[in-house]
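Colleague: I should be grateful for a close look at one part of this model, the contact between the two chains. Please also place it in the setting of the salt bridges and of the helix packing.

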Amino acid sequence: MFLRLLYQSFRRQQRRKLLAGIAVTLGVAVATAITAVGVNVGDKINRELRTYGANIVVYPEDAALQVRIGDQEVKPTSSGAYLKESTLPNIKGIFWARNVLAFAPFLETQIQGPSGPIRVFGTYFDKQLRFGTEEFSTGVEKLYPWWKVRGEWPKDSSSDVLVGSQLASRIGKQFGDSIDFSGLPARITGILSTGGAEDDAIVAPLALVQQLAHAPDAIDKIYVSALTKPEDAFARRDPDHMTPADRDRWYCSPYANSIALQLREVFPGARAEQIRQAAQNEGTVLSHISGMMLLIALAALVAAALAVSAAMATTIIERRQEVGLMKSLGATASTIASLFVCEATLLALGAGIVGFFLGDVIARRIGQAVFQSDVSITPVLLPMVIFLSLLVTIGGSTAAIVRALKLDPVLVLRGDA
Amino acid sequence: MSVRASMFFHVLKRGLLGRGNRPLIAFVALSVAATMITAMLSLYYGLESKLNRDFRSYGANITLASADEQQLPSDAITRARSTLGPDAIIAPFAFAIGHTRNAQAVVVAGTDMDQVRRLNAWWSVSKWPDAEDEALAGARAESHLQLHQKGFVLDFAGRTLHLQQTGTVKTGSDEEDRIYVPLVTFERWTGMGPSLLEISAPGSHDQIISAVAKLQSAFPGMQVRPVRQLLQAQGGVVSRMRSVMLASTLLIALTVALCVFSTLTSSVLERRRDFAVMKAIGSSQTTVNALFAGEALTIAFCAGVLGYVVGSAVAAWISQANFHAVVAPQLSVLPLVILADVALALLAATIPLARLQRIEPAGILKGE
């Protein structure tokens, strides 16, 4: 009898059930979508901030002081301290390798130009590397997305170079021209504009510059761009003075400091430092944005809960006469209440699942429109969403059920209540 | 006032004040809607300025140098200040290569310590110098200084300078190779003035770009450059966050509207007997509609105002908790919120009224 009542309730009152169902679906969808976007936004903005460039630098322990003001450089008595290019792929072997988005080695030297020395930077543009069985490509094209090239990027294996925009106008070269590279002829494939020191220099493939500087396998510096967790008090502690458990936790958190330590481990004799300008400020922006999204997700949950409970209350109030009839036919309050709760449960389950997938679609749409990349929803969210939707639907119905049960069936059936 | 009109207002007043908690429920629902919408819109408008402020902590977003790396004119700082207004931070830098006692060359930079401290809050500095003979040493330069009880000597073109090292600066980049001294000391020592201004202009991506243009026209022949990587990151993050906020605001507004809609609809349906009685004793359809609409309008207006106040407070609290700075109430949001509330209330009243109109009053009164 109970099941028949339940079945008939859904069969006969399709419009009403549909309305309540839509309310629950929309509520769940909005809550799911905003939670998913909120969870993902930190990661997306982190990637966006990584367009700022490197946040960790690696250089030899006994590197000489850099003594340079603009064009004028006092050549330090070279300590001959270099890092080895051949060890570079080891970066992909550190614990947080997946968080390393890009890196580029640099070797600097000079050539004699028509009017004084010209700085030459050797680096990777978009170099294919291999670590173990993993193939990947890295270089300045990825590391510094704001570098603008008029013309084409050189190939890493070629003897093609980029000339900085200021230098190009000073020495009167255009792309397509060739330039004398201390006896090695080099073709200019593009004019580079960065807003930095490279505007007044030549940027060439690393191999070419090593040949020029007679320093095979040598690099001065490695710039690394890694996704990091905002620095907190724990991150600033010295790992040498930690308990082993704390040290493990520190080592396994993607702080700029711990990634720097892991880089030091794969480059013996090197120092790795966080570039504070990038690392510190990124943390501020990120924590503000994540905090904001958390609050918004909370607001969305509250709004969804309100909407769902309001819709449930409405449908039950509209069914007072049914309650009155059941009561006058001898149904107990608990039978009626359990009928309504069962209906609400079925509705919450059905609409919750539909709402979850609708929310998934909305979140993906937002991700595509705003970040041009997918927003991923963890399946863990599904049981949580269903549970919440049950809680809110049943909770929202309870007050209305209690109110409907209190009414005198005689008055209700006469239409006086 | 005609009898009709005074009767209309009497019924409207009784409807609003003398009928249990039904108008209250509608009022609460509409207030919640207005609160949510106000809070989200205020945050949406406030977010941009908060994020722009966050990006200022990265340091300079504009650099100004003479084209051939010569000294800047002596009034450059005052002129830049008058071009950009009091909110800009302007740090002058003068550079020279000095030698330590054991002939190690090192870059010495003269600067305005107060401005640099404000400009580069991310520098990790053990102690900022405050006297004229005190210097700030980069973490890597420090070991080359040959310190004697914190004192050290620098030589520039035969002129010696005695300095006290008060603090160490760690940045992870070029600054660590340098020694920073107060600008007055530097000028007295080398006779050279600043050759570079690092400027942090306030505002959004576009405002900074226009500040660059203004500086360029105030300093013809100088190199005025935006710090491109910073501007690109700032522009990207701010515009993306605005889109995310807008999408969230719309979704939340939609959900809240749904809630209000179902509450109001049922509260109108519950009053079908009032409706029937009024029709039965001869009031026209227009009067009944006007009465319901008037009620909805009054409630919506009051709820809108209350929601605006509460919502502004919520937004201020959220931004205080998250950004440590208050979002000021946005007056432009007020008409928007009231309009949304009124539209919602009218829409929610219209649909059930249209449904009721098709039913005979007698039927409703009989309880069918």
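Modeller: Over all chains, the count comes to 16 salt bridges in this predicted model. An example within chain A is the pair of A:Arg119 and A:Glu108, whose closest N and O atoms are 2.9 Å apart. A:Arg119 belongs to strand S6 (residues 116–123) of chain A and A:Glu108 to strand S5 (residues 100–113) of chain A, so this salt bridge ties together parts that are 11 residues apart in sequence.

Between chain B and chain A, the count is one salt bridge. B:Arg240 forms a salt bridge with A:Glu48, and the closest N and O atoms of this pair are 3.3 Å apart. The two chains also have 12 residue pairs in polar contact, with both residues at pLDDT 80 or more.

Several elements of chain B each supply at least two residues of the side that touches chain A: helix H2 (22–56), strand S2 (89–99), strand S3 (105–111), strand S10 (222–226), helix H7 (228–269), H8 and H9. The largest share of that side, 25 residues, comes from H7(B). By residue class, the side of chain B that touches chain A divides into 33 nonpolar, 19 polar and 15 charged residues.

Taken as a whole, the contact draws 67 residues from chain B and 79 residues from chain A. The area buried between chain B and chain A is about 6000 Å², and carbon and sulfur atoms give 65% of this area. Of the area that chain B buries against chain A, 13% is supplied by B:Tyr58, B:Arg228 and B:Arg240, more than by any other three residues. B:Arg240 is thus named here again, having been described above as the partner of A:Glu48 in a salt bridge.

Two of the helices on this side of chain B, H8 and H9, also pack against each other. Helix H8 (residues 272–280) of chain B and helix H9 (residues 285–323) of chain B meet at an angle of about 145°, and their axes are 10 Å apart. The crossing in which H8(B) passes H9(B) is right-handed. On H8(B), the residues that make the contact are B:Phe275, B:Met278 and B:Lys279, while H9(B) provides B:Gln285, B:Val288, B:Leu291 and B:Phe292. The residues of this helix contact comprise five nonpolar, one polar and one charged.

Definitions and conventions: Residues are numbered from 1 along each chain as its sequence is written. Chains are lettered from A and ligands numbered from 1 in the order in which they are written. This is a predicted model: local features need pLDDT of at least 70, side-chain atom pairs count only at pLDDT 80 or more; totals for chains, interfaces and linings use all residues. Side-chain values use heavy atoms; hydrogens and water are left out. Axes are lines fitted to C-alpha atoms, for helices over the stretch in contact, and angles run from 0 to 180 degrees between N-to-C directions. Helices (H or I, at least four residues) and strands (E, at least two) are DSSP runs, numbered from the N terminus. A crossing is left-handed if the near helix is turned anticlockwise from the far one by less than a right angle, and right-handed if clockwise. Contact means heavy atoms within 4.5 Å. Ala, Val, Leu, Ile, Met, Phe, Trp, Tyr, Cys and Pro count as nonpolar, Asp, Glu, Lys and Arg as charged, and the others, Gly among them, as polar. Buried area is the accessible area (1.4 Å probe) that two parts lose on being put together, summed over both. A salt bridge is a side-chain nitrogen of Lys or Arg within 4 Å of a carboxyl oxygen of Asp or Glu. A polar contact is a pair of N or O atoms within 3.5 Å; within protein, one must be able to donate a hydrogen and the other to accept it, and residues adjacent in sequence count only if both atoms are side-chain atoms.
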